[in-house]
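Reader: I have a predicted model open on my screen, and I would love a close look at one part of it. Could you walk me through a single helix and what surrounds it?

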Amino acid sequence: MDEHPYSTAFRSGDLVAVSGRLGVSEPGVLVPGGFDAECAQAFANLDAALRSAGAGRGDVIKVVAYLTDIADRSRLNAAYEGFFSPPRPARSCVGVASLPYGGAIEIEALARVREEPAGEA
């Protein structure tokens with residue numbers, strides 16, 4: 001049985017919605033090392049969720065990042081630039097009081113999967 005009553009990633013047609021990804025190495029276990037380590041793990045978890053629904057980084061059109069300390073926004077920006085190639089997806093960054101498991105960052109995304117053009121027969 002899954003720990004949560006929702007899909008990690010849900011595909012409907014060419015859209016993929018990815019539920020918030022935390023900096024956890026397994027359910028409920030934050031990676032050690034603080035914000036930078038959690039941020040890297042959250043992006044790795046986002047990658048895995050996208051792949052599970054047939055999408056990739058280049059398909060992402062919108063990201064929402066939740067931070068328990070909005071002062072970490074510049075550190076998020078550095079990780080974001082390293083994770084996504086230009087043109088980077090649109091993004092919102094929201095300061096929140098707390099996150100599951102005591103996390104410092106949670107990332108959700110919306111992707112549009114571009115179908116490969118049909119080859120000539």
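Author: Happy to. One term first: a salt bridge here is a side-chain nitrogen of Lys or Arg within 4 Å of a carboxyl oxygen of Asp or Glu. With that in hand, start at helix α2, residues 73-83, and keep in mind that the model is predicted.

Asp36 and Arg75 form such a salt bridge, with their closest N and O atoms 3.2 Å apart. This pair links distant parts of the chain, since Asp36 sits in helix α1 and Arg75 in helix α2, 39 residues apart. Both partners are partly exposed: Asp36 has a relative accessible area of 44%, and Arg75 has one of 36%. The structure holds five salt bridges. Those that share partners join Asp36, Asp72 and Arg75 into one network.

Now turn to the buried side of the helix. Leu76, Tyr80 and Phe83 are the buried residues to find in α2. They lie on the same side of α2 because they cover an arc of only 65° around the axis. The general rule behind such a pattern is that an α-helix has 3.6 residues a turn, so residues three or four places apart point the same way. On the face turned away from the buried side you will find the exposed residues Ser74 and Gly82.

What lies over that buried side? The cover includes α1 (35-52), β5 (60-67), β6 (90-95) and β7 (105-112). From α1, pick out Phe43, which touches Leu76, Ala79, Tyr80, Phe83, Phe84 and Ile107, leaving aside residues up to four places away in sequence.

Phe43 and Leu76 also appear together in a wider setting, the largest nonpolar core, which has 26 residues. They are among the members that touch the most other members, along with Val16, Val18, Leu46 and Phe84. Two or more residues of this core come from each of β2 (15-22), α1, β5, α2 and β7. The largest share, seven residues, is given by α1. As a general matter, nonpolar side chains tend to be buried together in soluble globular proteins.

Follow the chain out of the helix next. In the loop between α2 and β6 you come to Pro87, and the peptide bond from Pro86 to Pro87 is cis, with omega near -5°. Past β6, the loop between β6 and β7 holds Tyr101. Tyr101 has a positive phi of about 65° although it is not a glycine. Both of these spots are worth a look, because most residues other than glycine have a negative phi, and most peptide bonds are trans.

Finally, the neighbours α1 and β7 lead to two further salt bridges. The side chains of Arg57 and Asp47 meet at 2.7 Å, N to O. Arg57 lies in the loop between α1 and β5 and Asp47 in helix α1, so this pair ties together parts that are 10 residues apart in sequence. Arg57 is partly exposed at 34% relative accessible area, whereas Asp47 is buried at 14%. The other pair is Asp59 and Arg114, with the closest N and O atoms 3.4 Å apart. Asp59 is in the loop between α1 and β5 and Arg114 in the segment after β7, so here the parts tied together are 55 residues apart in sequence. Asp59 counts as buried at 15% relative accessibility, and Arg114 as partly exposed at 43%.

Technical notes: Residues numbered from 1 in each chain as written. Predicted model: local features only at pLDDT ≥ 70, side-chain atom pairs only at ≥ 80, totals over all residues. Heavy atoms only, no water. Buried < 20%, exposed > 50% of the residue type's maximum accessible area, 1.4 Å probe, protein only. Helix = DSSP H or I, 4+ residues; strand = E, 2+ residues; numbered from the N terminus. Arc of directions from axis to C-beta. Contact = heavy atoms within 4.5 Å. Core = buried A, V, L, I, M, F, W, Y, C linked by side-chain atoms within 4.5 Å.
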